[in-house]
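Here are a few exercises to work through with the coordinates open beside you. Try each task before reading its solution.

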Amino acid sequence: MALYLSKSGKLLPHFKQKICSLGMISLSSIASCFSQNPPLSPEHGKTPYAAPSLFASRRFGSVKAENLASINNTADSQALNFPGGMVKFTPELKFISDLPEERINCYRVLDESGHLLTSDFVEIDKDIAVKMYKEMVMLQTVDTIFYEAQRQGRISFYVTAAGEEAINIASAAALSMDDFVFPQYREAGVLLWRGFGLQDLANQCFGNVGDNCKGRQMPAHYGSKKHNYFTVASTVATQIPHAVGAAYSLKMEGRDACTITYFGDGGTSTGDFHAAMNFAAVLEAPVILFCRNNGWAISTPVSDQFRSDGIVVRGQAYGIRSIRVDGNDALAVFSAVHMARKMAISESRPVLIEALTYRAGHHSTSDDSSKYRPIEEIEWWRAVQDPVARFRKWLEIQGWWSCESDTELRDRARQEVLDAIQVAEKMEKPDLGEIFRDVYDFPPSNLSDQEKSLRQTVQRHQRDYTHFQL
Amino acid sequence: MAASFGVSSAAAANAVKSPALSPPSLPVIRSEARPISCRVNKSRKAGKITTKAVAAQAENPASAASKPGHEVLLFEALREGLEEEMERDPRVCIFGEDVGHYGGSYKVSKGLADKYGDLRVLDTPIAENSFTGMAVGAAMTGLRPVVEGMNMGFLLLAFNQISDNCGMLHYTSGGQFTIPTVIRGPGGVGRQLGAEHSQRLESYFQSIPGIQMVACSTPYNAKGLMKAAIRSENPVVLFEHVLLYNLKERIPDEEYVVSLEEAEMVRPGEHVTILTYSRMRYHVMQAAKTLVNKGYDPEVIDIRSLKPFDLYTIGNSIKKTHKVLIVEECMRTGGIGASLTAAINENFNDYLDAPIVCLSSQDVPTPYAGTLEEWTVVQPGQIVTAVEQLCR
């Protein structure tokens with residue numbers, strides 16, 4: 001009990017419930033109980049990072065017992081210091097509406113033709129902007145060609161980030177190299193931005209000796225300690241608690257860095273998402289939780305995934321600051337991540353970003369999305385809301401880019417990617433020993449025995465294993 | 001080291017005062033001049049605490065001071081191990097439910113939050129999969145988390161993170177990221193705790209590649225295994241037993257670790273090799289007394305390392321006795337005994353004079369009623385009968 005009492009004072013300003021009219025409500029008209037309440041926070045519509053801080057930062061510390069009587073000695077008996085804080089009473093039997101009157105607005109800087117809609121964004125200089133564009137094009141090129149390679153049977157599997165190039169590159173550009181990235185699997189662009197080479201990407205997809213994962217993971221499951229990009233695991237949303245744990249470790253060290261984790265709309269249904277959000281808030285961990293709400297979880301549309309107003313509204317449910325941005329707008333994504341990073345580090349708090357976008361490609365090479373969604377819809381998003389085109393238009397308006405540069409860039413990118421694939425394809429696969437290495441730091445006897453046994457088998461049946469590397 | 005059952009739990013636990021609190025960064029000043037190698041707080045020994053909960057001969061201070069080492073209960077030994085490692089390495093931290101100011105449900109982390117702060121001894125919300133995931137993330141970025149499952153059974157919720165991430169990420173990242181976590185907690189059949197709180201998770205976890213599993217059974221090996229597990233670069237699951245926390249033993253004052261991969265020879269013998277671990281060790285030793293009286297000479301080995309098995313020690317024993325009895329608390333199907341039987345058959349078939357006998361619990365959820373519960377756990381009488389039949 002003492003724990004809650006001492007923290008109640010700081011939680012008090014947190015509850016800005018609107019007390020509706022105190023007039024009598026006839027209990028027989030049940031419908032009137034379900035009025036459409038505006039959302040708890042009056043800030044929706046304004047740029048959230050300008051909103052006043054709702055709570056003072058709380059430090060971890062030993063709990064002091066306080067005098068129950070003095071806390072509850074309010075002359076008005078209209079509030080009570082419950083565990084968790086002071087709550088005002090209302091005489092109205094009224095339920096909070098399931099959905100807000102209006103959906104949370106979406107922050108956008110550029111319109112589809114590349115024109116600025118606002119001056120409220122973080123400026124980017126020419127070098128960064130051009131680099132961003134080039135990387136977005138490179139990502140598109142990599143995706144296209146690797147996808148084709150899978151269709152040709154050269155690699156077994158691939159996931160594209162089609163339609164989410166702005167999310168990938170702009171968010172990466174707004175971070176520093178010291179920030180830890182915990183990706184899901186549609187964030188290869190973040191790795192590209194950080195300097196992971198085309199050859200490295202190709203090597204991983206082919207699982208050859210050059211692969212820094214040593215042939216142990218599926219294509220597109222990249223990981224690079226050097227680039228602070230944590231290896232992709234196929235399990236959904238397991239990276240979110242990892243990111244919170246890593247943020248915890250940064251907090252312990254007091255480092256000027258944060259963690260960022262990416263996940264999709266589908267991933268927010270998992271238990272790990274819920275608990276990680278909760279932990280991040282309780283721990284006050286410097287983590288950016290970036291949701292790529294692209295409308296689809298394989299064939300499950302968001303209407304079957306959740307009934308809330310997207311993901312952004314969940315932020316407040318956990319006590320986390322949040323924002324909704326146009327995921328196809330590179331400047332908006334950049335600004336949001338830039339500000340979120342500042343908040344996360346300087347205030348040691350988590351921030352939730354929901355980027356609304358569209359999965360312009362299939363879920364993966366194992367999927368044909370035309371089976372469950374109209375092709376016209378896919379085509380519309382690809383054409384009209386293409387994040388790369390929009391950013392290019394803005395660059396052209398700035399005078400920082402031209403059509404000729406574009407053709408040249410794309411041709412060169414295409415050639416580089418093709419070359420990387422050709423080289424990767426020809427490289428050998430890792431040797432047999434890699435099956436047994438790195439399961440532990442040093443192989444225990446049972447694994448050594450198993451390796452010996454396998455080598456003997458391969459030796460004995462060499463004809464059956466001619467295409468394998470010993 | 002002979003260990004004895006401490007009967008009273010509450011009295012002993014409450015009587016233990018936490019060691020003299022000192023800020024972690026300052027050297028600990030002791031009243032007596034002691035060599036640096038003696039890491040354990042001497043203030044605990046100087047008569048401040050009542051370690052004797054059982055009515056046994058009272059140790060007068062004079063004779064106590066002359067015997068080497070100090071007496072602890074098993075949960076205190078675990079705490080000592082934890083504390084020493086936290087003192088030694090600032091990266092070691094603890095995650096779990098109620099581990100902070102509450103000190104843990106079995107008091108293993110008592111006093112540590114006061115000493116090291118709320119952040120390093122972290123109370124987590126109720127989400128095992130997620131705080132285990134947090135530990136994975138923290139471990140990948142340089143910390144050395146010790147995750148406590150309030151009861152081992154709850155860690156079933158963490159299976160995804162333990163198997164798919166903890167066990168795998170070192171491998172799938174090509175060795176780039178290490179996950180030096182320790183996952184620990186009490187498991188096994190207790191006293192009428194109900195089926196959900198009587199789980200033997202070693203059965204389920206044993207297949208997971210990339211993790212190591214050890215089971216402690218005495219205060220001595222509990223402390224040693226805790227320290228070794230924390231220092232290991234691999235994820236280690238440390239199985240404790242609910243009923244063994246109040247075991248009392250005299251353990252060395254000097255710092256020590258025990259090997260994670262070695263079995264422990266409890267009682268050398270000639271006639272039969274009895275392999276066991278955790279609480280069943282005590283049922284076996286009780287049976288051993290009866291067996292000795294009947295003229296048998298059993299060799300008792302506490303296998304301790306559940307993954308990988310210490311086939312060296314086990315093999316040497318089998319080569320001597322040619323008969324094997326496995327006594328475990330796991331269910332018959334898919335338990336540690338099942339795997340051990342297979343491993344021994346494969347490796348030491350030539351040395352066996354008789355088929356391996358494995359005594360395990362039945363494939364049933366653990367019932368609540370005392371008598372029913374007792375019948376699901378292997379009792380000393382069964383062990384005696386099994387040995388007699390084996391040695392016929």
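A residue counts as buried when its relative accessible area is under 20%, and as exposed when that area is over 50%. Please keep in mind that this is a predicted model.

**Exercise 1. Is A:A237 buried or exposed, and what is the sign of its phi?**

Step 1: Locate the residue. A:A237 sits in the loop between α6 (198–206) and α7 of chain A.

Step 2: Apply the cut-off. The relative accessibility of A:A237 is 1%, so this alanine counts as buried.

Step 3: Check the backbone. Phi of A:A237 is near 70°, which is positive although the residue is not a glycine. Most residues other than glycine have a negative phi.

Step 4: Look for another case. A:S348, also not a glycine, has a positive phi of about 45°. You will find A:S348 in the loop between α11 (330–346) and β9 (351–356) of chain A.

**Exercise 2. Describe how chain A and chain B meet, starting from the number of residues each contributes.**

Step 1: Count the participants. Chain A gives 45 residues to the contact and chain B gives 42 residues.

Step 2: Turn to area. About 3600 Å² is buried between chain A and chain B, with carbon and sulfur atoms giving 64% of it. On the chain A side, the residues that lose the most area to chain B are A:Y248, A:F279 and A:Y440, together 19% of what that side buries.

Step 3: Ask about charge and polarity. The rule finds zero salt bridges across the interface of chain A and chain B. Polar contacts between chain A and chain B come to 14 residue pairs, both residues being at pLDDT 80 or more.

Step 4: Map the chain A side onto its elements. Those giving two or more residues are β3 (180–182), α7 (239–253) and α8 (271–283) of chain A. The largest share, 10 residues, comes from α7(A).

Step 5: Sort by residue type. The side of chain A that touches chain B divides into 19 nonpolar, 15 polar and 11 charged residues.

**Exercise 3. Find the surroundings of B:E264 and say which side chain it makes a polar contact with.**

Step 1: Place the residue. B:E264 belongs to strand β10 (residues 264–267) of chain B.

Step 2: Judge its exposure. With a relative accessible area of 16%, B:E264 is buried, because the cut-off is 20%.

Step 3: List its neighbours. Leaving out residues up to four places away in sequence, B:E264 touches B:N221, B:R281, B:V300, B:I301, B:D302 and B:R304.

Step 4: Pick out the polar partner. The side chain of B:E264 makes a polar contact with the side chain of B:R304, at 2.6 Å.

**Exercise 4. Where in chain B does the cis peptide bond from B:K307 to B:P308 lie?**

Step 1: Confirm the geometry. The bond from B:K307 to B:P308 has omega near 0°, and is cis. Most peptide bonds are trans.

Step 2: Locate the proline. B:P308 is in the loop between β13 (305–307) and α11 (311–321) of chain B.

**Exercise 5. Draw up a profile of each chain, beginning with its helices and strands.**

Step 1: Take chain A. This chain has 15 helices and nine strands, and 49% of its 470 residues count as buried. The accessible surface of chain A is about 22200 Å², 55% of it from carbon and sulfur atoms.

Step 2: Take chain B. Here there are 14 helices and 15 strands, and buried residues make up 60% of the 392 residues. The accessible surface of chain B is about 15000 Å², with 56% belonging to carbon and sulfur atoms.

Notes:
Residues are numbered from 1 along each chain as its sequence is written. Chains are lettered from A and ligands numbered from 1 in the order in which they are written. Side-chain values use heavy atoms; hydrogens and water are left out. Contact means heavy atoms within 4.5 Å. Buried area is the accessible area (1.4 Å probe) that two parts lose on being put together, summed over both. A salt bridge is a side-chain nitrogen of Lys or Arg within 4 Å of a carboxyl oxygen of Asp or Glu. A polar contact is a pair of N or O atoms within 3.5 Å; within protein, one must be able to donate a hydrogen and the other to accept it, and residues adjacent in sequence count only if both atoms are side-chain atoms. Helices (H or I, at least four residues) and strands (E, at least two) are DSSP runs, numbered from the N terminus. Ala, Val, Leu, Ile, Met, Phe, Trp, Tyr, Cys and Pro count as nonpolar, Asp, Glu, Lys and Arg as charged, and the others, Gly among them, as polar. Buried means under 20% relative accessible area, exposed over 50%, partly exposed in between (1.4 Å probe, protein chains only). Accessible areas come from the Shrake-Rupley method with a 1.4 Å probe; for residues, only the protein chains shown count as cover.
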